[in-house]
Amino acid sequence: MKILVTGGTGYIGSHTCVELLDAGYEIVVIDNFSNSQPDVLDKIKMITRKDFKFYKGDVCDKEILQMIFKENKIDAVVHFAGFKAVGESVIKPLMYYRNNIDSTLSLLEVMNEYNCKKIVFSSSATVYGKPDKLPIKENFSLKTTNPYGATKLMIEDILRDLYISDNDWSIAILRYFNPIGAHASGLIGENPNDIPNNLMPYIVKVATKELECLNIFGDDYDTLDGTGVRDYIHVVDLSKGHIKAIEKVIKDKGVDAYNLGTGRGYSVLELVNTFMKVNNVKINYKIVGRRPGDIDACYADPSYAKEKLGWSASLGIEQMCKDAYNFIKKIEEM
Ligand code: NAD
Ligand code: UFG
């Protein structure tokens with residue numbers, strides 16, 4: 001089985017490439033390095049001791065996609081490529097709509113052309129907006145609060161419409177909760193160049209003293225200690241979910257969405273304290289005002305993914321904290 005991975009050198013994509021290769025799949029990867037580095041390719045090969053084809057290019061570009069499908073018999077696609085920063089999407093909405101929607105339309109059109117109708121798509125818990133109750137189930141109403149989230153919901157709608165028009169498609173929509181952590185080898189992980197928007201990359205940079213102090217956005221939320229609660233999921237667990245989703249789309253036609261989360265929420269302070277404890281390192285932090293748009297709490301009911309995909313998360317918060325720090329220390333040693 002040959003799987004095309006778009007955005008395969010990115011954070012989740014690279015971990016999923018490892019899991020796909022380890023599971024015996026052949027892969028073909030396309031990425032334009034807009035948010036990743038070429039050396040990730042060698043790292044994936046080092047971890048798996050397997051080789052694969054890589055195309056440097058933009059998924060919006062139908063010509064390169066046609067070349068890939070002509071040169072390789074692709075059985076299914078995992079589509080990660082896209083921009084993902086919520087705040088940036090508010091400032092540059094057109095860039096987000098153009099890249100995320102255009103890349104998906106180009107990809108789906110070329111897949112159709114080559115009669116490859118099996119796709120796993122990276123959606124996000126952001127499509128639930130501010131949920132009315134917790135834990136979040138897949139059948140909750142969908143609404144978004146920023147252009148990034150809107151692109152995810154639009155793509156979900158495009159995929160559902162596509163299936164209605166042609167029942168030959170097999171489509172798995174994966175709604176990720178908060179992926180953190182890194183591969184146990186410490187070779188791949190998340191290391192944004194800019195000042196991180198997300199909590200774990202920020203904590204890690206405070207731990208290495210690259211940044212001075214973590215700002216905790218609010219301690220007056222309706223949660224156990226007042227700080228925001230999220231469903232953090234180890235990126236390796238998340239990647240394994242893609243293997244199960246690939247198995248599903250290969251086996252069954254249809255379109256369905258699955259929550260990929262652990263089902264357990266942790267507060268910002270719980271995550272910070274766990275990070276300090278397991279890594280024996282100090283994180284300076286201060287409480288500041290709420291970040292606009294943030295919600296009190298968000299965590300999944302992951303039972304549908306367990307029932308339909310046979311997947312559930314197994315790595316805990318301590319492992320997530322250890323692996324995230326191990327990855328950054330390895331980079332510093334290089
Ligand atoms: P990432 O930025 O690390 O990876 C995305 C990859 O896609 C990058 O390597 C980037 O260079 C590439 N890319 C972007 N646009 C491209 C294009 N037009 N052509 C070719 N390559 C392109 O992000 P990630 O964290 O690995 O996320 C992967 C997917 O999962 C994204 O679609 C993201 O929206 C979604 N997601 C991520 C999170 C999260 O917290 N990380 C949560 C929910 C959903
Ligand atoms: N937080 C801080 N300080 C920081 C960064 C974050 O206190 O410097 C807090 C936030 O207020 C929130 C929690 O840490 O309570 C998690 O924030 P993140 O930015 O790490 O994650 P979000 O839940 O806000 O959003 C992320 C992605 C979205 C995605 C969502 C669900 O950024 O794209 O998870 O998957 F939609």
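A crossover is right-handed if, with the strands pointing away from you as the viewer, the path from the first strand over the helix to the second runs clockwise. Keep that picture in mind, and remember that you are looking at a predicted model.

**Stop 1: a strand, a helix, a strand**

Select residues 2-6, strand β1. Next add helix α1, residues 11-22, and then strand β2. Together these three elements make a right-handed β-α-β unit. Try turning the model until the strands point away from you, and follow the path clockwise.

Now hide the helix and look at the two strands. β2 covers residues 26-31, and β1 pairs with this strand in the parallel sense over five bridges. To find one place where they meet, select Val5: Val29 in β2 stands opposite.

β1 has another partner. Select residues 76-79, strand β4, which pairs with β1 in the parallel sense over four bridges. Here, the residue to click is Leu4, which stands opposite Val77 in β4.

**Stop 2: the two faces of β1**

Stay with β1 and show its side chains. In a regular strand the side chains alternate between the two faces of the sheet. Is β1 mostly covered or uncovered? Mostly covered: five of its five residues are buried. On one side you will find Lys2, Leu4 and Thr6, and on the other Ile3 and Val5, with both faces covered.

**Stop 3: ligand 1**

Select ligand 1 and show what lies around it. The shell has 26 residues, and the closest are Asp31, Asn35, Ser36, Asn99 and Tyr148.

Zoom in on some polar contacts:

- At Gly10, a polar backbone atom is 3.3 Å from an oxygen atom of ligand 1.
- At Ile12, a backbone N or O atom lies 2.8 Å from an oxygen atom of ligand 1.
- At Asn32, look at the side chain instead: one of its polar atoms lies 3.1 Å from a nitrogen atom of ligand 1.

How much of ligand 1 does the protein bury? Taken alone, ligand 1 exposes 820 Å², and the protein buries 95% of that.

Which elements should you colour next? Try α1, which you met at the start, together with β5 (118-124) and α6 (147-165): each supplies at least two residues of the shell around ligand 1. The largest share, three residues, comes from β5. If you colour the shell by residue type, you will see nine nonpolar, 13 polar and four charged residues.

**Stop 4: ligand 2**

Move on to ligand 2, which has 23 residues around it. Those that come nearest are Ser124, Phe177, Asn215, Arg230 and Asp294.

Again, pick out some contacts:

- A backbone N or O atom of Tyr176 lies 3.0 Å from an oxygen atom of ligand 2.
- A polar backbone atom of Phe217 is 2.9 Å from an oxygen atom of ligand 2.
- An N or O atom in the side chain of Arg291 is 2.8 Å from an oxygen atom of ligand 2.

Taken alone, ligand 2 exposes 690 Å², of which the protein buries 88%. Now colour α7 (199-207) and β8 (214-217), each of which supplies at least two residues of this shell. β8 gives the most, with four residues. By type, the shell around ligand 2 divides into twelve nonpolar, seven polar and four charged residues.

**Stop 5: a three-stranded sheet**

Finish with Arg230, one of the residues that come nearest to ligand 2. Arg230 stands opposite Cys298 in β14. Select β9, residues 229-230: two bridges join this strand to β14, and the two run parallel. Then add β12 to see an open sheet of three strands in the order β12-β9-β14, with mixed pairing. β12 (266-267) and β14 (297-298) are the edge strands, each pairing on one side only.

Conventions: Residues numbered from 1 in each chain as written. Chains lettered and ligands numbered in written order. Predicted model: local features only at pLDDT ≥ 70, side-chain atom pairs only at ≥ 80, totals over all residues. Heavy atoms only, no water. Buried < 20%, exposed > 50% of the residue type's maximum accessible area, 1.4 Å probe, protein only. Pairing = 2+ DSSP bridges. Near = heavy atom within 4 Å. Polar contact = N/O pair within 3.5 Å; in protein donor to acceptor, adjacent residues only side chain to side chain. Areas by Shrake-Rupley, 256 points an atom, 1.4 Å probe, with all protein chains shown as cover. Nonpolar A, V, L, I, M, F, W, Y, C, P; charged D, E, K, R; others polar.
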